[in-house]
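Good morning, and thank you for joining this meeting. I shall present one structure today, beginning with its domains and then turning to the ligand and the contact between chains.

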Amino acid sequence: MQLSTEHEELRRTVEDFAQKEVAPVIGDFYIREEFPYDLVATMGEMGLFGLPVPEEYGGMGGDYVALCVALEELGRVDQSVAITLEAGVSLGIMPLVRFGSDEQKQRWLPDLAAGKALGGFGLTEAGGGSDAGATRTTAKQDDGDWVINGSKAFITNSGTRITSHVTVTAVTGRDEASGKREISAILVPSGTEGFTVAPSYSKVGWNASDTHELAFSDCRVPEENLVGQRGKGYGQFLSILDEGRVAIAALSVGAAQGCVDESVRYARERQAFGAAIGTYQSIQFKIAEMETRTVAARLAWHDAAEKMAAGKPFTKEASIAKLLSSNAAMDNARDATQIFGGYGFMNEYPVARHYRDSKILEIGEGTSEVQKMLIAKRLGL
Amino acid sequence: MNIVVLIKQVPDTWSERKLSDGDKTLDRASSDAVLDEINERAVEEALKIKEAGDAEVTILTAGPDRATDAIRKALSMGADKAVHVNDEAIHGSDAIATAKVLAKAIGTVGDVDLVLAGNEATDGRSGAMAGMLGELLGWPSLTHANELTVENGTAKAKRETDEGTSDLEASLPAVVSVGEKINEPRYPSFKGIMAAKKKPVTTLGIADLGLDASEVGLAGSLVQVDSFAPRPPKSGGQKVEDEGDGGAKIAEYLVGQKLI
Ligand SMILES: Cc1cc2nc3c(=O)[nH]c(=O)nc-3n(C[C@H](O)[C@H](O)[C@H](O)COP(=O)(O)OP(=O)(O)OC[C@H]3O[C@@H](n4cnc5c(N)ncnc54)[C@H](O)[C@@H]3O)c2cc1C
Ligand SMILES: Cc1cc2nc3c(=O)[nH]c(=O)nc-3n(C[C@H](O)[C@H](O)[C@H](O)COP(=O)(O)OP(=O)(O)OC[C@H]3O[C@@H](n4cnc5c(N)ncnc54)[C@H](O)[C@@H]3O)c2cc1C
């Protein structure tokens with residue numbers, strides 16, 4: 001896939017923003033475990049949250065590929081900022097874009113697309129993430145309302161000052177014919193009575209991003225807050241996860257590339273035994289392998305994105321891209337940290353951040369094992 | 001309001017900049033070219049005026065083919081249209097020759113109320129364009145503006161210098177050059193990037209401006225570069241031994257350099 005001129009210009013704009021505005025400040029936010037509101041506001045003004053949102057709802061009317069291009073550039077510099085955008089769009093916005101009613105879109109999308117508000121999607125529960133169908137949270141109809149009870153774990157963007165809502169999956173009954181549990185998606189506005197957001201987790205990485213456990217106790221929202229069809233919540237979410245995986249893959253390739261950039265620079269500068277460490281073949285080979293993984297992973301997300309944009313099936317390609325790129329990010333982060341020696345273990349260095357951040361790429365939005373299950377399934381196994 | 005913003009594509013200040021050995025002009029091919037940051041501020045200022053009232057913003061540049069990238073960036077920030085003076089004959093123009101070209105090109109835009117420029121380009125750094133254009137057009141020029149308000153046919157600017165702040169005022173039409181502190185330029189949005197594709201860009205040669213090749217370029221320039229030498233490498237600097245009075249010694253040095 002060749003980036004179009006517009007995508008290339010967007011890439012350069014985001015690169016500029018990431019290098020000039022994110023890179024100098026994000027290390028401090030990370031160490032303080034603080035959410036970078038000002039950066040998110042600027043990203044909102046740049047229209048990044050609105051990239052795949054139709055213009056009539058305040059979006060850029062662009063395509064999902066544009067979002068992936070932006071994510072790769074942000075991921076190169078910092079994953080917390082990148083995941084805030086990735087989750088903000090693929091989990092906070094896309095369920096509404098794809099399945100929301102016109103009223104829901106008009107009410108929620110303009111602020112979300114402008115980055116003035118953030119939304120979350122709560123699927124994972126303490127009892128299980130990979131097996132998302134095992135949801136225990138329930139929503140019962142009562143007097144024109146949904147009454148929600150249960151909890152959600154690890155929900156991104158769910159507790160910021162600007163979070164407007166979280167869409168949660170809940171069991172809303174049983175299918176009469178099959179007897180299977182019926183799972184639906186329901187939008188819960190922030191601040192609704194009975195909806196509590198626990199304090200931030202203490203995380204290994206992504207420390208400038210926002211993640212919380214959520215509890216619902218007789219939490220009432222109007223019936224019209226159902227997103228999409230009743231009983232289709234799980235299936236809908238799975239379809240959204242496919243495109244989300246391409247986005248996460250692009251972000252991961254950015255992280256892998258960031259590790260290469262930093263390592264090349266440092267290998268030229270750092271002297272040991274009278275020569276730049278980049279003159280030693282073992283360092284050169286390490287960096288050559290890092291570059292190879294990055295390029296292969298980029299080709300994989302481009303391949304998935306190309307099929308996605310053409311409206312072709314891309315589930316397998318998205319899983320391949322996610323698997324390959326999250327491995328590339330983790331492997332590159334480990335190698336880059338090694339190349340940086342002791343400095344690589346210091347939080348203020350970008351490679352140290354990548355080292356801590358990259359692990360979750362192999363877990364979130366479908367673990368590596370889940371990706372392999374999906375790939376194998378597409379092969380008829 | 002009809003606003004023209006002068007923009008220049010310059011070698012990225014992050015890359016190594018060189019003069020070419022042949023005709024001793026700037027070697028523009030050897031480094032990445034970007035829209036000069038000071039010009040982003042000039043564009044931003046024009047867009048603010050446009051957003052506060054009603055204005056059409058035209059981008060004007062004299063530069064080679066690849067200056068179209070700088071034009072597109074300015075258009076994607078939100079300017080309405082552009083004029084690109086692109087002619088081999090301009091190569092090697094000094095500041096006065098460039099000003100002649102730009103003055104003529106401004107004439108093609110119609111009844112212009114305001115011309116905005118950067119106070120100094122990061123490559124040529126003559127810091128002369130706004131003054132020269134004012135002279136050629138017969139308009140007042142307010143240079144080094146760190147604040148600008150345009151209303152009721154007047155432009156008011158604040159200029160900061162080491163001595164203090166000057167308040168400047170002129171009636172339109174006028175030329176204003178902006179300083180580093182005037183604003184923070186916006187990033188183009190994707191919508192802006194998409195829209196820029198469809199905005200009109202008029203390309204003109206010097207003949208279209210009624211100029212002759214002898215009036216511009218190396219031939220038409222009063223200043224010509226005779227020879228040049230690279231800046232000598234930095235010397236070792238001065239080492240301050242701290243014998244308990246290190247702070248005072250550093251302060252003394254800085255005072256000597258008029259830095260504090
Ligand atoms: C920082 C962060 C942000 C997150 N943001 C969100 C969010 O916004 N919304 C949301 O809904 N969730 C979110 N999550 C949750 C994340 O998606 C889950 O953690 C992930 O899907 C894994 O689920 P789990 O933790 O329950 O692990 P489990 O599903 O319990 O898996 C444990 C291990 O078993 C493996 N495994 C499971 N089943 C199989 C099998 N059949 N075969 C082989 N191996 C298997 C898994 O691969 C894994 O290695 C976030 C998590 C984190 C850490
Ligand atoms: C040794 C040397 C070699 C040079 N070789 C070349 C060459 O080969 N080709 C070449 O183009 N220049 C060349 N120049 C630069 C050229 O002389 C100046 O760019 C030009 O005269 C304008 O001066 P400046 O950049 O110093 O403008 P300044 O007065 O410092 O710029 C102020 C503002 O004027 C406006 N402006 C300046 N130039 C333009 C322009 N071209 N189009 C639109 N707006 C503009 C911008 O808003 C800018 O921010 C050379 C300069 C030197 C010293």
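What distance separates the centres of domain 1 of chain A and domain 3 of chain A, taken over C-alpha atoms? In this predicted model, the separation of those two centres is 20 Å. For orientation, the assignment for chain A places domain 1 at residues 5-118, domain 2 at 120-231 and domain 3 at 235-378.

Domain 1 of chain A brings 26 residues into contact with 24 residues of domain 3 of chain A. On the domain 1 side, the elements that give two or more residues are α1 (5-32), α3 (64-77) and α4 of chain A. Helix α3(A) supplies the largest share of that side, namely 11 residues. By class, this side of domain 1 of chain A holds 15 nonpolar, four polar and seven charged residues.

I turn now to the ligand. Where does ligand 1 lie with respect to the domains of chain A? Domain 2 (120-231) and domain 3 (235-378) of chain A both contribute residues to the shell, so ligand 1 lies between them. There are 24 residues around ligand 1, and those that come nearest are Leu123(A), Gly129(A), Ser130(A), Thr367(A) and Glu369(A). Two or more shell residues come from each of α4 (79-99), β1 (118-122), β3 (145-156) and α10 (368-378) of chain A. The shell comprises 10 nonpolar, 10 polar and four charged residues.

Finally, the contact between the chains involves 13 residues from chain A and nine from chain B. On the chain B side, helix α5 (residues 190-196) gives the most, with four residues. That side of chain B consists of five nonpolar, two polar and two charged residues.

Conventions: Residues numbered from 1 in each chain as written. Chains lettered and ligands numbered in written order. Predicted model: local features only at pLDDT ≥ 70, side-chain atom pairs only at ≥ 80, totals over all residues. Near = placed C-beta within 6 Å. Nonpolar A, V, L, I, M, F, W, Y, C, P; charged D, E, K, R; others polar. Domains from an automatic or database assignment. Contact = placed C-beta atoms within 7 Å.
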